[in-house]
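Subject: Structure handover and notes

Dear colleague,

Please find below the structure I promised to pass on, together with its sequence. My notes on it follow directly afterwards, with the cut-offs given where each term comes up.

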Amino acid sequence: MRAIKSRFALLFTCCAALALSMSLTCFGTAPAKAFAVDDSSAAGESELVVRGADTLQISGDSFECATVAGLAGDTLYADITVDGKIVTSDMEYRFDKADDTFGVVQLDAKAAYVAKHSGKISLDFYKAKTADRQGGAALQSFKTYAVCMLVDGEPLGSVEQSMIGIRTTRASEAELAFNAPAQIVRGDNAYRLVGSNKVAPTLKDGVLWVSYEKMDESTSTTASVTYVDEEGNVLDSDSHLLAKDEEKLVDLRASVEMNGKVYTPMSASSQVKLSANSPSQRIYCVARAEADTTTQDVALKYVDANGKQLMADLVSVGAGGYLYAPATIFSQANNSEVKYYVLDGASDSLGNKYSAKEAEELSLTRDGAQEYTIEYKVKETDLDYTVNIALVSAGKNGNT
């Protein structure tokens, strides 16, 4: 699904124009749940919540900068400030459908731009346009940081050359633990993360730094695809061994199971690219709504004009209901003759009456009537009919 995309332009200090855009990719399979702005405040079922996002995708023209929940049919507005100057305001974002529940905001900007302005890009999200805010505070305010590697305490070249990821978050949470690649290759050298995959970066001069150490000569590196839920919690991950200088397209899983729930990847593509230079990818997933499998048996009784039962049927009706089409005409042997019956109407256990036309298709519901009486009248005829009965074997050959 695609949502409205707003475009604006920024200028480099060298006056080269950079076109940026932000888009909101929406997903409607998440079950309704309560979202919180932070750990100390509870939110309602439909409360609008925006969270910052981490990404390890630094080789493309865009990156994930935020997630949105509870927007429903409303509109979200965003202002972007770079180096203290407002470069755009009142960008509009909305879900494609009113029943969509979750989306990911992408910023169309290259890693080089984030590296140049790390810590100086601000995104402010509002529920209303500038003219209608009446001085109200932003729903959420984020800053975007380059996450870079230190080797033996020193940057691996410039900020852009050292960059391993991008974090968009509240300034107060910039130094929270970051899921960094365990191993990364730059040029002819391989580097190993100091500590576990989840390490706390250090903020200096607007850049977040993570420590690595140089490894002995390595001909391969371990890459990974990590699947996370709406709040960034790790669901599962897949590891892949890459040869030096190898790039590999990896198929994403169709679904991920965790704690009895099934999650669906939210990537616009069914594949991601892994390389020794960018060996880790994070994929947001959204939980599927749990299927309602409960059913209710509905009994249907075919009767003649005198109330005599002609046939009976039983249907299991689920949450989606069941369209039941009784026979409009049928024949039945009665003693020495065959009678023909024509649909004449119906009634149910709740007292509803149906005309012959209405009875041709009955909408059964799980929580509705549990019994239906379908009424038939005899079709009079003066014609004699011969009924041929063929007896066949029970085997596959069907011999008479």
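To begin with a single pairing, Val225 stands opposite Gln281 in S25, where strands, like helices, are DSSP runs numbered from the N terminus (E, at least two residues, for strands; H or I, at least four residues, for helices). Before going further, please note that this is a predicted model, in which local features need pLDDT of at least 70 and side-chain atom pairs count only at pLDDT 80 or more, while totals for chains, interfaces and linings use all residues. Residues are numbered from 1 along each chain as its sequence is written, and side-chain values use heavy atoms, with hydrogens and water left out.

**The sheet around S19 and S25**

That pairing belongs to a contact between S19 and strand S25 (residues 280-287), which run parallel and are joined by five bridges; two strands are said to pair if DSSP finds at least two bridges between them. Both strands sit in an open sheet of five strands with mixed pairing, in the order S20-S19-S25-S23-S22. Strand S20 (234-243) and strand S22 (256-258) stand at its edges, and because each has a single partner strand, one side of each is left without a neighbour in the sheet. On average, neighbouring strands of this sheet are turned by 30° against each other, direction ignored, with axes taken as lines fitted to C-alpha atoms (for helices over the stretch in contact) and angles running from 0 to 180 degrees between N-to-C directions.

On the other side of the order, S23 and S25 run antiparallel and are joined by three bridges, with Pro265 opposite Cys285 in S25. S22 and strand S23 (residues 261-265) likewise pair in the antiparallel sense over three bridges, and there Glu257 stands opposite Val262 in S23. These two strands, S22 and S23, form a hairpin with two residues between them, and Asn259 in the turn has a positive phi of about 50°. As general background, strands of a sheet pair through backbone hydrogen bonds, either parallel or antiparallel.

Within strand S19 (residues 220-228) lies Thr226, which is buried, with a relative accessible area of 17%; buried means under 20% relative accessible area, exposed over 50%, and partly exposed in between (1.4 Å probe, protein chains only). Leaving aside neighbours within four places in sequence, Thr226 is in contact (heavy atoms within 4.5 Å) with Val234, Asp236, Ser237, Gln281, Arg282 and Ile283.

**Cores and cysteines**

The largest nonpolar core, meaning a set of buried Ala, Val, Leu, Ile, Met, Phe, Trp, Tyr and Cys residues joined through side-chain atoms within 4.5 Å, has 33 residues, and those with the most contacts inside it are Val68, Leu76, Phe125 and Met163. Apart from it lies another core, of 18 residues, among them Tyr302, Leu343, Ala359 and Ala369.

Met163 is placed in strand S12 (residues 163-169) and counts as buried because its relative accessibility is 1%. Residues up to four places away in sequence not counted, Met163 touches Ile58, Ala111, Val114, Ala115, Ala146, Val147, Cys148 and Arg186. Met163 and Ala115 are 48 residues apart in sequence, and their C-alpha atoms are 7.5 Å apart in space.

The structure holds zero disulfides (a disulfide being a pair of cysteine sulfur atoms within 2.5 Å). Cys65 is buried, with a relative accessible area of 0%, and Cys285 also counts as buried, at 0% relative accessibility.

**Two aspartates with positive phi**

Asp90, in strand S7 (residues 85-93), has a phi near 60°, a positive value in a residue other than glycine, and at 24% relative accessibility Asp90 counts as partly exposed. Asp152 has a phi near 55°, again positive in a residue other than glycine, but is found in the loop between strand S10 (140-151) and strand S11 (154-155), and at 66% relative accessibility Asp152 counts as exposed.

**The chain as a whole**

The protein chain has two helices and 33 strands, and of its 400 residues 42% count as buried. Among contacts between residues at least 6 apart in sequence, 58% join residues at least 24 apart. The accessible surface comes to about 21,500 Å², of which 47% belongs to carbon and sulfur atoms, with areas from the Shrake-Rupley method (1.4 Å probe; for residues, only the protein chains shown count as cover).

With best regards
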